[in-house]
Amino acid sequence: HITIVACINAAGRALEPLVILKGRSLPELETNGISVCVSENGWIDREIKAQWFSKIFLKSIDKSKKNVLLVDGHSSN
């Protein structure tokens, strides 16, 4: 299983995607602007979502403006 977390704003600007691989350790990969992590089942969980939110989402938004993040009904949300 592989999960991809993608975030694109209304203007079409995409944030760095996050790819979650199934496994216990991260293989050596050339990531070229893509964040990669692992989970036992290849799915996102609350810890991975919190890391993505703080390390990718919050660092890429304009905090002087109002921002809205829409998410689906997954249990990690």
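Modeller: Before we start, a helix here is a DSSP run of H or I with at least four residues, a strand is a run of E with at least two, and both are numbered from the N terminus. Also keep in mind that this is a predicted model.

Colleague: Fine. Which pattern does the protein chain follow, read along the sequence?

Modeller: Counting those runs, the protein chain has one helix and three strands. Reading along the sequence then gives β-β-β-α.

Colleague: How do the three strands line up, in what order?

Modeller: They form an open sheet with mixed pairing. Strand E1 (2–5) and strand E3 (35–39) are the edge strands with a single partner each, so one side of each has no neighbour in the sheet. Put together, the order is E1-E2-E3.

Colleague: And by how many degrees are neighbouring strands of this sheet turned against each other on average?

Modeller: Direction is ignored for this one, so the mixed pairing doesn't enter into the angle. The average comes out at 20 degrees.

Colleague: Let's go pair by pair. How do E1 and E2 run, parallel or antiparallel?

Modeller: Four bridges join the two strands. For a place to look, Ile-2 stands opposite Leu-21 in E2. The E1 and E2 pair runs antiparallel.

Colleague: What about E2 and E3: how many bridges join them?

Modeller: This pair runs parallel. Val-19 has Val-36 as its bridge partner in E3, and Lys-22 has Ser-39. In total, the bridges joining E2 to E3 number five.

Colleague: Which residues of E3 are on its uncovered face?

Modeller: In a regular strand the side chains alternate between the two faces of the sheet. E3 splits that way, with Ser-35, Cys-37 and Ser-39 on the covered face. That leaves, on the uncovered face, Val-36 and Val-38.

Colleague: How many of the five residues of E2 are buried?

Modeller: Buried means under 20% relative accessible area. E2 is largely enclosed by the rest of the structure, because its buried residues number four.

Colleague: Now the helix. At about how many degrees does H1 run to E3?

Modeller: H1 lies across E1, E2 and E3, and those strands are among what covers its buried residues. Relative to E3, H1 runs at about 165 degrees.

Colleague: Where is the kink in H1 centred?

Modeller: H1 has 15 residues and spans 20 Å from first C-alpha to last, close to the expected 21 Å. Even so, there is a kink of about 35 degrees, centred on Phe-53.

Colleague: Which residues in H1 are buried?

Modeller: An α-helix has 3.6 residues a turn, so residues three or four places apart point the same way. With that in mind, look at the buried set in H1: Ile-48, Lys-49, Trp-52, Ile-56 and Phe-57.

Colleague: Which element gives the most to the largest nonpolar core?

Modeller: That core has eleven residues, among them Val-5, Cys-7, Leu-15, Cys-37, Ile-44 and Trp-52. Strand E2 (18–22) and helix H1 (46–60) each supply at least two of them. With four residues, the top contributor is H1.

Colleague: What about the start of the protein chain: is His-1 buried or exposed?

Modeller: His-1 sits in the segment before E1, and its C-alpha is 6.7 Å from that of Leu-21, 20 residues away along the chain. Leaving aside neighbours within four places in sequence, its contacts include Ile-20, Lys-22, Asn-41 and Trp-43. Despite those contacts, a relative accessible area of 59% is over the 50% cut-off, so His-1 is exposed.

Colleague: And how far apart in space are Leu-70 and Cys-7, C-alpha to C-alpha?

Modeller: Leu-70 is in the segment after H1, and it is exposed, with a relative accessible area of 75%. Leu-70 and Cys-7 are 63 residues apart in sequence, and in space their separation is 9.5 Å.

Colleague: Last one: what percentage of the residues in the protein chain is buried?

Modeller: The C-alpha trace spans about 40 × 30 × 20 Å along its principal axes. Of the 77 residues in the protein chain, the buried share is 25%.

How values were computed:
Residues are numbered from 1 along each chain as its sequence is written. This is a predicted model: local features need pLDDT of at least 70, side-chain atom pairs count only at pLDDT 80 or more; totals for chains, interfaces and linings use all residues. Side-chain values use heavy atoms; hydrogens and water are left out. A nonpolar core is a set of buried Ala, Val, Leu, Ile, Met, Phe, Trp, Tyr and Cys residues joined through side-chain atoms within 4.5 Å. Buried means under 20% relative accessible area, exposed over 50%, partly exposed in between (1.4 Å probe, protein chains only). Two strands pair if DSSP finds at least two bridges between them. Axes are lines fitted to C-alpha atoms, for helices over the stretch in contact, and angles run from 0 to 180 degrees between N-to-C directions. Contact means heavy atoms within 4.5 Å. The expected span of a helix is 1.5 Å times one less than its number of residues. The bend at a residue is the angle between axes fitted to the seven residues ending there and the seven starting there.
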